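Got your viewer open and a selection tool at hand? Let's walk through this structure one stop at a time.

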Amino acid sequence: MKAGNVQILDQFGRPFSSRPIYKSGSYDDGLQRLPNYLKEPEQLSGNLTRKNLISASRLLYKNNGVVKGAVNMKAEYSIGKAFLFKSLCKNPEVAAKYDEYIKAFYKVACVNGKNFHSLLYLISTAIDIDGDCFVMLTESKTGFPQLQFIRANRVCSPKNGLIDSGKYKGLNVLHGVITNRMGREIAYWLDGDEPGGGEIIPASSILHIVDDDFLSTCRGEPLFSHGLKEFRYIDDINTAELGAMKIASQIALVKKNETGEVDITQAYDKPSNNGEVLIRNTGDKQIVFLKSEDSLDSLKIERPSPNYMSFSERLLKGVLSGVGVPYDIVVNPDSSGVGNRMSLSKFDNTTRDRATLLEDAARLLVQYILAVGIQREDIPHAEGWWNMMFSRAKRPSVDMGRDSNSQLKEYNAGIKNLTEICEENGTQVEDHLRIRAREAAIAEKLRREAEAEFGVEISPDYICLLYTSPSPRDTR
């Protein structure tokens with residue numbers, strides 16, 4: 001055999017060149033050809049534009065209890081009564097003035113009179129409903145620093161999508177975000193109240209808050225954008241089920257006979273309401289007369305069926321698994337056991353991730369307030385004026401007693417410190433120790449007054465309020 005005739009054969013003795021085992025794009029495997037998904041992330045949300053996507057998400061939030069519950073719970077457990085400001089500047093006296101200044105600012109943080117915690121709550125819900133939001137750094141007529149919350153739909157692109165004049169001339173606008181050639185956000189197009197109106201706000205005067213899924217995107221997407229199709233299915237099925245149950249609830253009795261029709265030959269000694277069944281009243285009772293082959297049955301309503309409930313639960317679980325809020329946390333919070341603790345742990349991670357995002361935003365906003373206050377000479381300047389910390393919200397718990405006992409054991413074993421425990425309980429360690437010290441001082445003062453009044457000696461051990469084992473007299 002000549003060398004040129006040598007061929008490689010497959011397991012069936014056929015040359016590879018005669019019939020390829022697999023050809024790209026063929027339908028031999030029974031699967032349809034996949035479209036090209038190598039697109040920008042914002043182009044992968046089906047046929048919905050960004051405007052329609054936000055509109056659908058808002059409608060879903062307003063009319064679906066599962067969505068509203070998940071979004072609100074995420075915001076409540078991420079913020080709670082936390083985000084209390086604590087200055088960490090090196091001058092203790094100036095730090096105290098910063099604390100008082102920010103405490104007063106918290107009460108009137110927004111231009112509409114809302115407090116700072118309400119603003120953080122709106123930011124958290126807006127990130128989930130609209131995908132992102134904006135906070136403008138502004139001031140009152142007197143120059144006092146204030147903040148203005150801006151919904152996502154207010155930041156959009158002009159009609160032609162191109163800046164044709166001014167400082168940003170020639171730069172493209174994508175969904176209202178103006179970026180430089182490096183992809184950095186440098187300004188935003190804020191839609192005006194009048195048709196065709198609008199203005200450009202530099203990035204130094206507005207804070208864009210978004211929980212990114214992709215690094216290449218300039219805007220965020222609603223939290224439930226991946227489940228819009230599933231919620232449409234659920235809505236259609238619920239509508240059909242409710243219609244069927246409504247029809248069934250209007251049927252009181254079902255008469256059965258051989259013909260399946262109304263028996264017009266039946267004699268009635270008293271007309272009945274339905275014109276079909278012979279009814280005789282005897283005092284407070286009624287006698288119904290039927291032929292032997294006829295019968296009256298009550299309609300058994302077996303809806304919603306177990307299949308419907310399991311399918312609906314399956315859809316909701318799939319949707320909620322993509323938002324970090326487990327199904328049994330929102331829909332069935334009364335469940336218990338190991339599974340519930342696992343779900344609570346996942347929800348805790350979700351809320352702590354959101355709290356970290358809000359803490360970064362709060363730090364930038366408060367730094368702006370302090371900077372303006374220093375510039376206005378409302379508060380003095382000090383080294384490290386920008387350094388600060390915030391308290392965290394109390395972590396969710398399914399068994400507070402068990403968690404408290406676990407914290408105590410970990411503290412005694414040296415695994416956790418008091419600062420970590422205070423953060424988990426939604427307080428600051430400085431405030432906790434300050435209150436404990438005051439309690440100990442009040443107790444010592446009252447002890448001495450009682451000794452002078454009654455002429456007896458009272459051991460400090462009876463009223464010791466400190467954590468440590470030694471009594472106050474031993475630690476002096």
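Begin by selecting helix 5, residues 228–249, and show the side chains of Leu228, Phe231, Ile234, Glu241, Ala244 and Ala248: these are the buried residues of the helix. What do they pack against? Colour helix 1 (50–63), helix 2 (65–79) and helix 6 (306–321), and you have the three helices that the buried residues of helix 5 pack against. Keep in mind as you look that this is a predicted model.

Now check the length of helix 5. Its 22 residues take it 31 Å from the first C-alpha to the last, close to the 32 Å expected at 1.5 Å a residue.

**Helix 5 with helix 6**

Hide everything but these two helices. Helix 5 and helix 6 pack at about 155°, and their axes are 10 Å apart. Angles over 145 degrees count as roughly antiparallel, so that is how helix 5 lies relative to helix 6. The contact uses Glu230, Phe231, Tyr233, Ile234, Ile237, Asn238 and Glu241 from helix 5, and Tyr308, Phe311, Ser312, Leu315, Leu316 and Val319 from helix 6. Phe231, Ile234 and Glu241 are worth a second look, since you saw them among the buried residues of helix 5. The crossing of helix 5 and helix 6 is left-handed.

**Helix 2 with helix 4**

Next, select helix 2 again and add helix 4, residues 116–129. How far apart are their axes, and at what angle do helix 2 and helix 4 pack? The axes are 9 Å apart, and the angle is about 140°. Helix 2 and helix 4 are therefore oblique to each other, and their crossing is right-handed. To see who meets whom, show Val71, Asn72, Lys74, Ala75, Glu76 and Ile79 in helix 2, then His117, Leu120, Tyr121, Ser124, Thr125, Asp128 and Ile129 in helix 4.

**The three-stranded sheet**

Leave helix 4 on and bring in strands 2, 3 and 8. They make an open antiparallel sheet, in the order 3-2-8. Strand 3 (145–150) and strand 8 (206–210) are at the edges; each has a single partner strand, so one side of each lacks a neighbour in the sheet. From one strand to the next, the twist averages 25°. Helix 4 packs on this sheet and touches strand 2, strand 3 and strand 8, with its direction at about 25° to that of strand 3.

Zoom in on strand 2, residues 132–139, which pairs with strand 3 in the antiparallel sense over six bridges. Which residue of strand 3 stands opposite Glu139? Pick Pro145 and you've found it. Between strand 2 and strand 3 the hairpin has five residues, and here Gly143 takes a positive phi near 90°.

**The four-stranded sheet**

Move along to strands 4, 5, 6 and 7. This is another open sheet with antiparallel pairing, in the order 4-5-6-7. Its edge strands are strand 4 (173–174) and strand 7 (198–202), each pairing on one side only. In between, select strand 5 (residues 177–179) and strand 6 (residues 185–191), which run antiparallel and are joined by three bridges. For a pair to click on, try Thr179 with its bridge partner Glu185 in strand 6.

**Zooming out**

Finally, show the whole chain again. You now have twelve helices and 13 strands on screen. Of the 476 residues in the chain, 34% are buried. Among contacts with a separation of 6 or more, 61% come from residues 24 or more positions apart.

How values were computed
Residues are numbered from 1 along each chain as its sequence is written. This is a predicted model: local features need pLDDT of at least 70, side-chain atom pairs count only at pLDDT 80 or more; totals for chains, interfaces and linings use all residues. Side-chain values use heavy atoms; hydrogens and water are left out. Two strands pair if DSSP finds at least two bridges between them. Axes are lines fitted to C-alpha atoms, for helices over the stretch in contact, and angles run from 0 to 180 degrees between N-to-C directions. Contact means heavy atoms within 4.5 Å. The expected span of a helix is 1.5 Å times one less than its number of residues. Buried means under 20% relative accessible area, exposed over 50%, partly exposed in between (1.4 Å probe, protein chains only). Angles under 35 degrees count as roughly parallel, over 145 as roughly antiparallel, 65 to 115 as roughly perpendicular and the rest as oblique. A crossing is left-handed if the near helix is turned anticlockwise from the far one by less than a right angle, and right-handed if clockwise.
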